[in-house]
Amino acid sequence: MKALLQRVCSSKVEVEGKVVGQISKGLLVFIGIEKQDDMMSSDKMVKKILSYRVFPDSDEKMNLSIRDINGELLIVSQFTLAADTKNGTRAGFSTAMLPTEAEKLYNNFLEKTQSMGTITESGIFGADMQVSLINDGPVTFLLET
């Protein structure tokens with residue numbers, strides 16, 4: 001599983017011109033699910049994201065997590081993160097999990113973040129989405145399980 005985290009001042013996702021998810025200060029998280037991923041890797045990624053220190057403390061060092069600042073999450077599925085880009089000039093998607101299976105893990109991921117007390121908004125799995133953000137920093141990390 002891959003997660004691309006972007007620290008944001010605000011972010012929103014729209015589908016067919018309607019806002020389906022919106023946050024203020026927090027993390028925009030794009031999730032790419034690969035064939036070998038399972039509930040254990042999903043749970044591991046949730047814990048990692050919720051504890052990953054990307055926000056500045058009083059000394060301006062990145063020592064605070066999303067939980068520490070009571071920030072919000074906007075989770076967006078992005079199968080292109082699971083692409084194989086090692087060869088050629090066109091991505092291959094043989095490493096990505098099939099959509100029917102990936103959607104279950106994506107939903108588990110959302111439920112887990114919500115159950116751990118973090119305000120969580122999301123896009124719509126498999127939809128054509130338009131994502132807007134005001135990147136804070138910019139600060140961007142790619143996490144993998």
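Biologist: How far apart are the end C-alpha atoms of helix 1?

Modeller: This is a predicted model, in which local features need pLDDT of at least 70 and side-chain atom pairs count only at pLDDT 80 or more, while totals for chains, interfaces and linings use all residues. Residues are numbered from 1 along each chain as its sequence is written, and side-chain values use heavy atoms, leaving out hydrogens and water. Helix 1 covers residues 39-51, where helices (H or I, at least four residues) and strands (E, at least two) are DSSP runs numbered from the N terminus. Its 13 residues should span 18 Å at 1.5 Å a residue, the expected span being 1.5 Å times one less than the number of residues, and this agrees with the distance between its end C-alpha atoms, 18 Å.

Biologist: How many degrees around the axis do the buried residues of helix 1 cover?

Modeller: Buried means under 20% relative accessible area, exposed over 50% and partly exposed in between, with a 1.4 Å probe and protein chains only. In helix 1, Ser-41, Ser-42, Met-45, Val-46, Ile-49 and Leu-50 are buried. They lie on the same side of helix 1 because their arc, taken from the directions from the helix axis to the C-beta atoms, is only 165 degrees.

Biologist: Which exposed residues does the opposite face of helix 1 carry?

Modeller: An α-helix has 3.6 residues a turn, so residues three or four places apart point the same way. Turned away from the buried side of helix 1 are the exposed residues Met-40, Lys-44 and Lys-47.

Biologist: How far is Asn-70 from Gly-117 in space, C-alpha to C-alpha?

Modeller: Asn-70 sits in the loop between strand 5 (62-64) and strand 6. Although Asn-70 and Gly-117 are 47 residues apart in sequence, their C-alpha separation in space is 9.4 Å.
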